[in-house]
Amino acid sequence: EIHVKEPIEKEVNPRLLPGELLLCEASTVYKYIQEDGSNRGTYGKLVCTNFKISFLDDDSSSDDNEPQFKNKIVGENDITLQCVDQIYGVYDEKKKLLTGQLRKYPEKLIIYCKDLRVFNFCLRYTKEEEVKRIVSGIVHHSQTPKLLKRLFLFSYASAAPNNTDGRNQTVMFETLEDWRHELERTKGNVKYKAVTTNEGYRVSEKLPLYFVVPICISEDSILKYEGRGIPIWCWSCHNGAALLKMSSFPKEQDDSTSQMQKAFLDGIYKTISKPPYELLKMDDLSSSLPSLQDIQTAYTRFKQLFLIDNSTDFWATDVKWFSLLESTNWLEIIRRVLKKAIEVAECLEIQHTNVLLIEESATDMCCVISSLVQVMMDSHSRTKSGFQSLIQKEWVIGGHGFLDRCNHLHKSEKEEAPVFLLLLNCVWQLVQQYPPAFEFTETYLTVLSDSLYVPIFSTFFFNSQHQRDTNKSGESLKTQSGPFRFLTVWDWSVQFDPKAQAFLNNPLYAEKPKPDKSQRKTSRFKHQRQLSLPLTPAKPSTKRGFFREETDHLIKNILGKRIGKFINSSDEPPNSLREFYDSWHSKPVDYHGLLLPRIDGPEIKVWAQRYLRWIPEAQLHGGGTIATAAKILDLMEEVQSLQVKMDEEHSQAVSGDVHSVPMLRNSARLSSLFPFALLQRQSVKPALPTSTWKDLEDEDDLVKRDDEFVDLSGDML
């Protein structure tokens with residue numbers, strides 16, 4: 001039996017952005033609401049523009065029952081062309097990947113998205129001519145290689161009015177002043193200087209216009225090898241130790257060139273390593289961390305666990321969930337990256353040693369490690385504006401190849417690797433372990449990851465500052481000429497109204513207290529003690545590896561066999577690092593000081609909100625962390641209203657910036673994956689073989705098994 005809405009009578013037109021053109025459309029397309037065998041769905045129109053693929057039904061035109069958290073640019077049934085991952089056609093119940101020219105057109109279209117949504121469209125009731133146009137149009141515009149200037153970014157920039165929100169506090173690092181301010185903020189200006197050597201990109205097109213180097217480095221040294229072999233400053237610790245990065249020389253060269261480069265490097269090292277006053281530790285990330293190919297392979301396997309076509313598939317994979325998860329190696333890569341960041345933090349904080357990160361281009365894993373270290377050691381990077389400035393400094397201006405790594409132009413899959421997503425996954429581990437230390441929420445990180453695929457912002461669509469600057473000038477699509485006005489992703493008002501933006505701010509952020517000069521030390525110490533939660537002192541583990549005594553006994557039993565390879569791994573931290581790690585975790589947490597992530601096996605979790613938000617079966621209705629948050633927000637709203645009343649009585653203005661609190665009524669109806677999961681989505685248990693249901697419903701058997709349990713951020717068993 002097929003439950004359908006009747007085909008819509010009235011004409012529904014897509015909402016087009018400035019510069020957006022309708023390319024092809026098909027009427028009477030049937031979109032399955034959920035592939036659970038019931039074939040429930042709705043009729044509508046499927047359209048493809050130069051910006052997105054969009055499904056329009058009769059609900060698309062009404063503003064009733066809009067979600068609280070709505071994106072103004074990309075709707076629930078919109079897929080930007082850059083967000084399309086793979087497209088499959090169904091021919092006689094068999095799935096086939098669609099690429100290039102098609103000889104035969106499918107009866108069903110399945111679109112897998114990079115934000116892990118899955119769309120199922122039935123084309124049986126659509127006219128044959130329209131099917132040909134829409135399928136070939138979607139495949140061509142989303143899957144074939146294209147020129148940079150053909151990105152919607154340029155169409156939008158030339159047509160959109162320039163009325164951006166000017167209150168953006170993010171430091172863009174496009175001027176010499178920005179770098180000098182950062183040096184002053186971190187007290188790095190004693191040993192380091194901002195240089196203008198690359199003005200006009202005369203040193204290298206890969207380097208930014210302005211950057212910071214040790215004071216003793218000469219301009220000739222920078223020019224000699226196009227910036228290679230030069231330590232570039234990232235950040236200075238409170239004790240004067242600095243984090244530096246350097247692009248290495250190519251490995252395969254003739255002997256005479258190698259000797260010259262070795263002599264050059266020795267000279268550079270001597271200028272910055274002056275024992276016992278200035279110590280330097282070099283870390284070649286290409287040998288101590290997974291390769292980009294390893295990261296891409298692990299993520300490709302990992303995301304397949306969440307691109308679920310139907311309920312039957314979900315329950316079938318659920319039985320082997322943990323072994324499938326482990327086999328992807330994605331969580332192990334996150335653990336290794338966090339461990340490397342702890343090693344660097346220990347060198348800077350305890351050993352007072354400068355750390356030089358080395359990589360071939362210094363624009364991939366160097367960006368990940370330097371950003372993580374700053375998030376862990378600098379509380380400014382845990383504020384929203386500070387974190388955004390960090391991404392600008394290390395990634396956007398630092399020259400991370402977003403265009404190639406995200407494969408936005410579909411030029412080469414060899415260059416593709418989710419390096420920026422890896423950073424966000426690592427930061428999420430810290431956010432969920434120490435929520436009060438961050439001014440932003442996991443929802444902020446989730447929408448930031450989604451923004452990678454929205455080509456109206458220039459932030460994530462160039463490989464370097466040089467590429468952006470050279471493409472910024474030129475004739476616009478209209479008659480007038482002049483530079484394109486690109487938007488930055490950090491202006492959140494473009495995507496969300498103020499009510500939705502409130503979900504990006506953490507209401508429980510422990511703001512840094514302004515110290516009272518007369519009682520600075522005592523008041524600050526008391527404040528830390530009141531904020532911190534009591535932690536059990538760390539005891540040395542009887543087993544090798546990362547398990548500690550206080551790890552949950554049940555998890556040990558259930559996961560013991562599964563993480564055996566972690567425990568017996570030779571990837572064991574050195575004693576000094578282990579002592580540093582255990583010593584820090586045995587003390588109360590200072591949310592404005594150093595933060596070290598917990599990296600024991602079960603502590604590294606799946607980012608449930610990002611990866612499970614479109615799967616109804618994974619949602620807990622009226623449960624999860626959102627139920628707690630709803631109660632806290634109600635209390636905060638009450639406190640704020642009382643504060644306003646008190647201020648009115650005393651005729652005083654409220655001190656400090658009060659964030660608006662989103663209203664979360666009826667928390668019993670909210671899903672654990674709110675604000676992305678809609679309230680109406682319900683899961684229906686599918687028809688599965690009896691043996692499988694026995695496996696799933698027999699709780700005693702489930703506990704005894706060694707690979708059928710995973711803890712997903714406390715929301716899902």
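# A tour by selection

Start at Ser291, in the loop between α6 (285-288) and α7 (292-304). Helices here (H or I, at least four residues) and strands (E, at least two) are DSSP runs, numbered from the N terminus. This is a predicted model: local features need pLDDT of at least 70, side-chain atom pairs count only at pLDDT 80 or more, and totals for chains, interfaces and linings use all residues. Residues are numbered from 1 along each chain as its sequence is written, and side-chain values use heavy atoms, with hydrogens and water left out.

**Stop 1: Ser291.** Keep Ser291 selected. Its relative accessible area is 33%, so Ser291 is partly exposed. Buried means under 20% relative accessible area, exposed over 50%, and partly exposed in between (1.4 Å probe, protein chains only). Now add Ala417. The two residues are 126 positions apart in sequence, yet their C-alpha atoms are 9.7 Å apart in space.

**Stop 2: Thr175.** Move to the loop between α2 (152-159) and α3 (176-185), where Thr175 is found. Thr175 has 36% relative accessibility and so counts as partly exposed. Select Tyr210 as well. From C-alpha to C-alpha, Thr175 and Tyr210 are 7.0 Å apart, with their positions 35 residues apart in sequence.

**Stop 3: α12 and α15.** Select residues 384-396 for helix α12 and 442-450 for helix α15. Their axes come within 13 Å and cross at roughly 30°. That makes α12 roughly parallel to α15. Angles under 35 degrees count as roughly parallel, over 145 as roughly antiparallel, 65 to 115 as roughly perpendicular and the rest as oblique. Axes are lines fitted to C-alpha atoms, for helices over the stretch in contact, and angles run from 0 to 180 degrees between N-to-C directions.

Show side chains next. Lys384, Phe387 and Gln388 in α12 meet Tyr444, Leu445 and Leu448 in α15. Contact means heavy atoms within 4.5 Å. By class, this contact of α12 with α15 has four nonpolar, one polar and one charged residues.

**Stop 4: the cysteines.** How many disulfides does the structure hold? Zero. A disulfide is a pair of cysteine sulfur atoms within 2.5 Å. Select Cys234, which is in no disulfide; the nearest cysteine sulfur, that of Cys366, is 7.2 Å away. Cys234 is buried, at 1% relative accessible area. Cys216, at 40%, counts as partly exposed.

**Stop 5: the whole chain.** Zoom out. The chain has 25 helices and 14 strands. Of its 717 residues, 55% count as buried. Among contacts with a separation of 6 or more, 73% join residues 24 or more positions apart.

Definitions and conventions. Ala, Val, Leu, Ile, Met, Phe, Trp, Tyr, Cys and Pro count as nonpolar, Asp, Glu, Lys and Arg as charged, and the others, Gly among them, as polar.
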